[in-house]
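Thanks for coming. I will take a few minutes on one structure, mostly on how its helices pack and on its pocket.

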Amino acid sequence: MARRVRRAWAESLARWEVTPSQSRALRVLASNGEGIRPSELAETLHIAPRSATEVVEALVEHGWVRRAPDPSDRRATTLTLTDEGRDLVVRIEDVRRDASARVLDVLAPAQRRTLHDILLVVVGEDR
């Protein structure tokens, strides 16, 4: 099921020329309004710093992310979303919900509730 949701999501992202990796980075940046260093982004995404650099480069080229000097360390930079980047994150979240809904449309409402209950137990959020 997760594979089908990811595939539907990746297909939907293609209209903006955003990869799933870039989308994940945008979501992390959206949750850190003050900006974060590239090394923190790599750590949060569990990817190599070099991979994070490639992701950031693409996001900067699209105009969705900006680099700025870190106020606490002039040698370092921070990453923040541009207005266009924030707008894109909202659209991506909508697409993500739609992709999940399309995959789950084959289930009846009772089956969806059962699946939801099972997943809560599996991820430990039923407590």
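**Helix packing and the pocket**

Start with α2 and α5: their axes come within 10 Å of each other and cross at roughly 120°. That angle makes α2 oblique to α5. The crossing of these two helices is left-handed. On the α2 side, the contact is made by S23, L26, R27 and A30. On the α5 side, L88, V89, I92, E93 and R96 take part. Sorted by class, the contact of α2 with α5 has five nonpolar, one polar and three charged residues.

I should say that this is a predicted model, so please take every number here as computed from that model.

Now the overall layout. The protein chain has six helices and two strands. Along the sequence the order is α-α-α-α-β-β-α-α, which puts the two strands after four helices and ahead of two more. Along the principal axes, the C-alpha atoms fill a box of roughly 55 × 35 × 25 Å.

Back to α2, for its other contact. Which helix does α2, residues 20-30, pack against at about 115°? That is α3, residues 38-45, and the two axes are 10 Å apart. Here α2 passes α3 in a right-handed crossing, whereas the crossing of α2 and α5 is left-handed. From α2, the residues that meet α3 are R24, A25 and V28. Their counterparts in α3 are L41, T44 and L45. By class, the contact of α2 with α3 divides into four nonpolar residues, one polar and one charged.

Last, the pocket. How much volume does the largest pocket have? About 180 Å³. Its lining consists of V5, R6, W9, R27, E93, R96, R97 and S100. Two elements give two or more residues each to that lining, namely α1, which covers 2-13, and α5, which covers 83-104. The most comes from α5, with four residues. As for character, the lining of the largest pocket has five charged residues, two nonpolar and one polar.

One link to the first part of the talk: R27, E93 and R96 are in the pocket lining, and these residues also belong to the contact between α2 and α5. On the screen, I would look at that helix pair and then at the pocket. That is all I have.

Notes:
Residues are numbered from 1 along each chain as its sequence is written. This is a predicted model: local features need pLDDT of at least 70, side-chain atom pairs count only at pLDDT 80 or more; totals for chains, interfaces and linings use all residues. Side-chain values use heavy atoms; hydrogens and water are left out. Axes are lines fitted to C-alpha atoms, for helices over the stretch in contact, and angles run from 0 to 180 degrees between N-to-C directions. A crossing is left-handed if the near helix is turned anticlockwise from the far one by less than a right angle, and right-handed if clockwise. Contact means heavy atoms within 4.5 Å. Ala, Val, Leu, Ile, Met, Phe, Trp, Tyr, Cys and Pro count as nonpolar, Asp, Glu, Lys and Arg as charged, and the others, Gly among them, as polar. On a 1 Å grid over the protein atoms alone, a cavity is a set of points where a 1.4 Å probe fits but cannot get out, and a pocket is an open set with protein on both sides within 12 Å along at least five of seven lines; lining residues have an atom within 4 Å of a point. Grid points are joined across faces, edges and corners, and a volume is the space filled by probe spheres set on the points. Angles under 35 degrees count as roughly parallel, over 145 as roughly antiparallel, 65 to 115 as roughly perpendicular and the rest as oblique.
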